[in-house]
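This report walks through one protein model, from its salt bridges to its sheets and backbone. Keep the sequence and the 3D view open as you read.

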Amino acid sequence: MSIVTVQLGQCGNQIGHEVFSAFCSDIRGTHGLCSKKENESYQDSCKERFFCEEESGVPAARAVLVDMEPKVISQTLSMAASSGLWKYNSHSHFCQKQGSGNNWANGYSVHGPRHKEAIMNLVQKEAEKCDRLGGFFTIMSMAGGTGSGLGAFVTQCLRDAFPTSFILNHVIWPYGTGEVIVQNYNSVLTLSHLYQSSDALLVHENDVIHKICAQLMNIKQISFRDVNQVIAHQLGSVFQPTHTAGGGSGYSRNPLGDLMEALVPHPEFRMLGLRNIPQVPETSLPYSTFSWPGLIKHLRQMLIANAQMEEGIDWQVRPPQPGSSMPSTNKPLHFNTSIANLVILRGKDVHSVDLGSFQDPSLYTSWLNPQDAFNAWRTPRAFNKYEKSASLVSNSQFLLKPLDSIVGKAWNMFASKAYLHQYTKFGIQEEDFLDCFTTLEQVISSYTNL
């Protein structure tokens with residue numbers, strides 16, 4: 001099955017480009033460390049999923065690029081074409097001359113309805129090229145105007161036009177220190193609207209990725225491109241082909257469907273976080289050795305202690321002991337309760353890895369059987385130069401703190417009516433804000449009570 005990617009705004013288009021580049025360099029790599037047959041079926045599966053073959057022989061990404069200003073899209077198109085390895089379809093982008101001025105309401109209420117037909121036509125054309133459409137993957141930021149406002153609008157249009165297709169929104173959480181003065185408003189509006197129309201939200205926090213670049217990748221002057229390449233690597237570690245638990249011998253045919261089935265058992269809980277290990281500079285790889293028990297031990301502790309990377313994990317955090325009737329202090333303050341977890345293993349000896357520690361009932365909420373709450377996908381095909389790598393996609397309390405913080409900051413601004421006039425002039429009223437706050441307060445409350 002094929003996935004159509006919709007890249008929205010500056011951030012979405014820049015990350016989208018890095019994601020397709022990562023897919024391409026991975027399938028061209030000779031570092032597969034697996035049998036020739038395995039490698040070929042992996043490559044075929046990836047190509048069917050994300051690219052369509054053109055007559056020129058250069059694979060074209062199954063993607064639609066949308067922005068309200070032309071600069072980033074023209075850069076993205078020419079960078080892809082000049083790589084010689086892949087390209088974007090020359091007719092699958094839409095841009096205008098002026099941006100959305102970091103105003104969510106402008107993107108959602110003005111640009112969205114005005115350009116709906118043109119954008120949805122492009123999406124329809126890409127969808128029709130797929131033999132079997134697996135769903136849509138949108139990439140967008142929450143802080144600005146086009147990615148967030150137009151992105152929320154386009155997601156609703158996708159839901160209306162393709163009611164039975166899966167929609168996964170990849171959302172970039174803004175830096176806590178701030179990129180845009182109204183980013184908390186934009187974020188609250190984006191998240192609450194996506195919650196209505198998306199099947200799941202896969203979230204990357206800029207602060208976390210920045211930390212990975214600084215502390216794990218040893219990058220001295222961190223650019224957006226560095227950040228985007230780490231994000232692309234993490235996304236590739238999830239979306240490149242794998243064998244699912246009950247999938248027989250072939251590669252999974254329906255990645256988005258499999259992901260939702262594994263991780264979203266209830267519509268109230270749609271926030272997915274992603275962790276990936278190991279992450280080291282390429283120059284250090286020849287001197288690094290990783291063992292599966294070590295990687296799995298780190299990944300599990302990252303999950304229960306809500307650590308964002310493998311450095312600086314709090315090893316003191318332990319799951320609550322079952323059956324103890326102590327008051328609620330029994331649940332450690334920093335313990336991260338999960339609804340569902342998916343571990344993806346790639347590389348050497350994956351089929352002998354013991355993942356029993358992830359099936360411990362104390363990691364999960366009481367209303368799901370741990371056998372249902374945990375899934376593992378594996379492939380002996382190594383990913384992106386790492387002999388062994390493991391990813392964790394988790395529907396848990398990972399995002400509770402940042403969500404609570406962003407809603408709190410937005411509420412403080414809203415209470416003093418700061419900047420509201422910028423939204424009301426485009427038709428987003430105070431009642432709309434209040435509806436959004438209510439939606440997100442409910443999400444926070446649901447995740448808090450796990």
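## A helical pair at the surface

E40 is partly exposed, with a relative accessible area of 39%. Here buried means under 20% relative accessible area, exposed means over 50%, and partly exposed lies in between (1.4 Å probe, protein chains only). K36 is exposed, at 66%. The side chains of K36 and E40 meet in a salt bridge, 3.8 Å from N to O. A salt bridge is a side-chain nitrogen of Lys or Arg within 4 Å of a carboxyl oxygen of Asp or Glu. Both residues lie in helix α2 (residues 36-50), four residues apart, about one turn of the helix. Helices (H or I, at least four residues) and strands (E, at least two) are DSSP runs, numbered from the N terminus.

## Model and confidence

This is a predicted model: local features need pLDDT of at least 70, side-chain atom pairs count only at pLDDT 80 or more, and totals for chains, interfaces and linings use all residues. Residues are numbered from 1 along each chain as its sequence is written, and side-chain values use heavy atoms, with hydrogens and water left out.

The average pLDDT is 90, and 96% of the residues score at least 70. pLDDT is the predictor's confidence in each residue, from 0 to 100. Residues 325-330 stay under 50. For that stretch the model has three contacts beyond four places in sequence. A contact means heavy atoms within 4.5 Å.

## Domains

The protein is divided into domain 1 (2-271), domain 2 (282-321 + 333-397) and domain 3 (401-449). These bounds come from an automatic or database domain assignment. The centres of domain 2 and domain 3, taken over C-alpha atoms, are separated by 34 Å.

## The sheet of 10 strands

An open sheet of 10 strands runs in the order β6-β4-β1-β7-β8-β9-β10-β13-β11-β12, with mixed pairing. Two strands pair if DSSP finds at least two bridges between them. β6 (93-95) and β12 (374-379) stand at the edges with a single partner strand each, so one side of each has no neighbour in the sheet. From one strand to the next, the twist averages 20°.

At the β12 edge, strand β11 (residues 338-347) runs parallel to β12, and six bridges join them. One residue pair to find is L342 with N375, its bridge partner in β12. Helix α1 (residues 9-28) lies across β1 (2-8), β4 (63-67), β7 (133-141) and β8 (166-173). The helix runs at about 140° to β1. Axes are lines fitted to C-alpha atoms, for helices over the stretch in contact, and angles run from 0 to 180 degrees between N-to-C directions.

## Salt bridges across the sequence

How many salt bridges does a search of the whole structure find? The count is 10. One of them joins the side chains of D26 and R381, at 3.2 Å from N to O. D26 lies in helix α1 and R381 in the loop between β12 and β13 (388-396), so the pair ties together parts 355 residues apart in sequence. Both D26 and R381 are buried.

K87 and E54 also meet through their side chains, at 3.8 Å from N to O. K87 sits in strand β5 (residues 87-88) and E54 in the loop between β2 (51-52) and β3 (60-61), so this pair ties together parts 33 residues apart in sequence. K87 is partly exposed, at 23% relative accessible area. E54 is partly exposed too, at 28%. Elsewhere, K348, E387 and K388 are linked in a network of salt bridges.

## The sheet of three strands

A second open sheet has three strands in the order β2-β3-β5, with mixed pairing. β2 and β5 are its edges, each with a single partner strand, so one side of each is left without a neighbour in the sheet. β2 and β3 run antiparallel, joined by two bridges. C52 stands opposite A60 in β3.

## Backbone exceptions

Most residues other than glycine have a negative phi, and most peptide bonds are trans. The bond from I277 to P278 is cis, with omega near -5°. P278 lies in the loop between β10 (271-277) and α10 (292-304).

N384 has a positive phi, near 50°, in a residue other than glycine. K385 is not a glycine either, and its phi is about 75°. N384 belongs to the loop between β12 and β13, as does K385. Is N384 buried or exposed? N384 is buried, at 17% relative accessible area, whereas K385 is partly exposed, at 39%.
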